[in-house]
Amino acid sequence: MRVTLKPNKLRALLGGHPWILDGSLELLDKSNTPQDGSVVDVYSDKGRFFARGLYNSHSKIRVRLYTWNESESLDDAFWTKRISTAIDLRKELGYFSQATRLINSEGDALSGLIVDKYEDVLVMQATSLGILLRAEQFAQILQNLTGAKTVIATTEPAMARREGAPEELTADRVFGAPVPETMVIQSGGIKYEIQLLGGQKTGFYLDQRENRLAAAELFKGKTVLDMFCYHGGFSIAASQAGAVSCLACDSSAKALEQVKKNAQLNAVDNVETLQGDSFQILERFKSEGRTFGGVVLDPPKFAQGKRSVQEALRGYHYLNKLGISCVAPGGFLVTCSCTGSVRREDFFDMLHGAASQAGRRIQILQQRGAAPDHPVLDSCPETDYLKCFLCRVI
Ligand code: SAH
């Protein structure tokens, strides 16, 4: 079906951003609207073909674009080629044989499709309705291309709400062989036990793989405070690299249980855990004057859309001010933000403000992003979601 852009909306899209937002299309004739999740051809107001994508009337992202070439249809051959291009990149980068992000949504020109590979199990997460409706088709293609025994299709409840996905499609589905309850995977030379299915299901953060190792290099001979530690990746990497001790903190008791298991799996014996709210813990340490040679701040997303960016930045400011106060003079701070709508330069400015208010100066040693198997697409700045700054605090 055909949809038409409003006259002034084409310009902003010429750079190749794969999203057409609500309000960018001419109103549709009510008796003739595309089905949610179906293929639409997007035309300019001058009647020229612009691009082809998947439509969803419930989503703020009204159309996700996949091709700007009129002669390409979004059929099985098209998706197979796109997916195999993404897989080839991981092979070329040397990631295919380990736990890796196989497909990174917009970063691989496949908006709405995330696939992680853990040994011979693939976890496919649809972040759009159009992709969710095609889950079985994609699972088949993925199995054919990778030889994976199992593909697990999952969705997040927040995504289902944003995209108006029907309830029955949002339950986890398993294509192929049954999945073991737990699995031990290797990521960046560290072993982790993960659960892929059921109420216990946990995600895993592959995007920080190299950042954990880079941070660990700084933490040799240091005492480390690992805030928002989840399964302990930063602590275990630091300990392996020669940190004196690590205190891994998280609000989730379940996550901390996993830290203990993972420490054991890696034969690491100087990682302690502390359950609680990171802000309260940091406030307490600050008031006690307790400092560490290295501090990691890796909080969850602080904002979803563009609207709450300022609020998110205030959160980062407060967190970083506290974190900086807990770094011993000359020690290191590793500070991260996975909020896509917070731009790198905003994060930089926030950090400067936080350091100033803490009465300290910061030397930024590295400004890192997500691991290379999470490509950032030049035409889609939102794909540069992970900021990870390695800093010396003086
Ligand atoms: N650093 C981790 C990933 C962090 S994910 C890694 O390397 O893999 C974010 C974590 O923050 C989650 O484990 C979540 O349980 C925790 N969290 C969220 N809000 C929190 C809070 N207010 N205080 C402490 N932990 C919190």
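This passage describes the ligand site, a pocket and selected backbone positions of a predicted model.

The ligand is surrounded by 14 residues, of which Arg 212, Asp 250, Asp 277, Ser 278 and Asp 298 come nearest. Classified by residue type, this shell comprises six nonpolar, four polar and four charged residues. Polar contacts to the ligand involve both side-chain and backbone atoms of the protein. On the side-chain side, a polar atom of Asp 250 is placed 2.6 Å from an oxygen atom of the ligand, and an N or O atom in the side chain of Asp 298 lies 2.7 Å from a ligand nitrogen atom. On the backbone side, a polar atom of Phe 228 is found 2.9 Å from a nitrogen atom of the ligand. The ligand taken alone would expose 580 Å², and 84% of that area is buried by the protein.

Apart from the description of the ligand shell, the second largest pocket of the model was examined, and its volume was computed as about 190 Å³. Its lining includes a run of residues from Asp 22 through Gly 23, Ser 24, Leu 25, Glu 26 and Leu 27 to Leu 28, and it is completed by Lys 6, Lys 30, Tyr 55 and Arg 62. By class, the lining of this second largest pocket divides into five charged, four nonpolar and two polar residues.

Two alanines were noted for their backbone geometry. Most residues other than glycine have a negative phi. Ala 109, although it is not a glycine, has a positive phi of about 60°, and Ala 267 likewise has a positive value, near 55°. Each of these alanines is placed in a loop: Ala 109 lies between strand S6 (100–104) and strand S7 (113–118), whereas Ala 267 lies between helix H8 (253–265) and strand S15 (271–275). With regard to solvent accessibility, Ala 109 counts as partly exposed because its relative accessibility is 32%, while Ala 267 is exposed, with a relative accessible area of 70%.

A further position of interest is Gly 176, which belongs to strand S10 (residues 173–176). Gly 176 counts as exposed because its relative accessibility is 53%, the cut-off for this class being over 50%. Along the chain, Gly 176 and Tyr 205 are 29 residues apart, and their C-alpha atoms are separated by 24 Å in the model.

Conventions. Residues numbered from 1 in each chain as written. Predicted model: local features only at pLDDT ≥ 70, side-chain atom pairs only at ≥ 80, totals over all residues. Heavy atoms only, no water. Helix = DSSP H or I, 4+ residues; strand = E, 2+ residues; numbered from the N terminus. Buried < 20%, exposed > 50% of the residue type's maximum accessible area, 1.4 Å probe, protein only. 1 Å grid on protein atoms, 1.4 Å probe; cavity = no way out; pocket = protein on both sides within 12 Å on 5 of 7 lines; lining within 4 Å. Points joined across faces, edges and corners; volume = space filled by probe spheres on them. Nonpolar A, V, L, I, M, F, W, Y, C, P; charged D, E, K, R; others polar. Near = heavy atom within 4 Å. Polar contact = N/O pair within 3.5 Å; in protein donor to acceptor, adjacent residues only side chain to side chain. Areas by Shrake-Rupley, 256 points an atom, 1.4 Å probe, with all protein chains shown as cover.
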